[in-house]
Amino acid sequence: MGLAKLDYPSPLGIIEVSSTNEYVQSVLFTERKEIIHEKQAETPAVLMECYQQLDEYFQGERLEFTVPYKLEGTAFQERVWKSLASVSFGKTASYKEIAHMAGNEKAVRAVGSTNGRNPICLLVPCHRIIGANGKMVGYAHGIWRKEWLLAHEKEISAKCKISTY
């Protein structure tokens, strides 16, 4: 079987999710206004699970994604994507910090390029990477989405901290 697709109607626009029967291969914002890929009887369970987890994330009920996914790239790209995945919900890291975690602190531009090629946004949180000066720079899906996602996570994190006391 080829890739199956399912659209998720997020507050930031339609997100197209692609998967095999075993793992998610892409989670990408679209600029489409209409849902094309709807739930079908043959929609893989992993795709349905990703849809559910995205819904929980946007509802403020999920802080971490657990659906299986697969990233394929160069060894450096895979190290960068693994480093991105280590940035916790509600936190940020700089491109320089990610370069250091990926084993080459001088590769800041390469990290930016790899970050922009992340095919699994949200699950691999490229939106949490900011400039060393704290500025919102370089988000393939639009800075406005990056700002919204970071504000969403900050708000949910604050609620979680309040409720734990």
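Tutor: Buried means under 20% relative accessible area, exposed over 50%, and partly exposed lies in between (1.4 Å probe, protein chains only). Helices (H or I, at least four residues) and strands (E, at least two) are DSSP runs, numbered from the N terminus. The model is predicted: local features need pLDDT of at least 70, side-chain atom pairs need 80 or more, and totals for chains, interfaces and linings use all residues. Residues are numbered from 1 along each chain, and side-chain values use heavy atoms, without hydrogens or water.

Student: Start with helix H2. Which residues of H2 are buried?

Tutor: H2 covers residues 75-85. Residues three or four places apart point the same way, because an α-helix has 3.6 residues a turn. The buried set is Phe76, Gln77, Val80, Trp81, Ser83 and Leu84.

Student: How many degrees does the arc of those buried residues span, seen down the axis of H2?

Tutor: The arc is taken over directions from the helix axis to the C-beta atoms. The buried residues line one face of H2, because they fall within an arc of 155 degrees.

Student: Which residues are exposed on the other side of H2?

Tutor: Look away from the buried face. The exposed residues on the other side of H2 are Ala75 and Lys82.

Student: What do the buried residues of H2 pack against?

Tutor: Three elements take part in this packing, two of them helices. The partners are helix H3 (95-101), helix H4 and strand S5.

Student: H4 also carries asparagine 115. What does asparagine 115 touch?

Tutor: Asparagine 115 counts as buried because its relative accessibility is 3%. Contact means heavy atoms within 4.5 Å. Not counting residues up to four places away in sequence, asparagine 115 touches Leu84, Tyr95, Cys126 and Ile129.

Student: How far is a polar atom of the asparagine 115 side chain from the backbone oxygen of cysteine 126?

Tutor: Cysteine 126 sits in the loop between H4 and S5. Cysteine 126 is buried, because its relative accessibility is 3%. The separation from that backbone oxygen to the polar side-chain atom of asparagine 115 is 3.4 Å.

Student: Which residues does cysteine 126 contact?

Tutor: Leave aside neighbours within four places in sequence. Asn115 is listed, alongside four others. The full set is Leu84, Asn115, Asn118, Cys121 and Tyr139.

Student: Next, histidine 127. Is histidine 127 buried or exposed?

Tutor: Histidine 127 is in the loop between helix H4 (108-116) and strand S5 (129-130). With a relative accessible area of 0%, therefore, histidine 127 is buried.

Student: Which residue's side chain makes a polar contact with the side chain of histidine 127?

Tutor: Histidine 127 contacts Tyr57, Leu122, Tyr139, Lys146, Leu149, Leu150 and Glu153, leaving aside its neighbours within four places. A polar contact pairs N or O atoms within 3.5 Å; within protein, one must be able to donate a hydrogen and the other to accept it, and sequence-adjacent residues count only if both atoms are side-chain atoms. At 2.8 Å, the side-chain partner of histidine 127 is glutamate 153.

Student: What is the C-alpha separation of histidine 127 and alanine 140?

Tutor: These two residues are 13 residues apart along the chain. Their C-alpha atoms are separated by 9.1 Å.

Student: And for cysteine 126 and threonine 30, what is the C-alpha separation?

Tutor: Here the two residues stand 96 residues apart along the chain. Their C-alpha atoms are separated by 16 Å.
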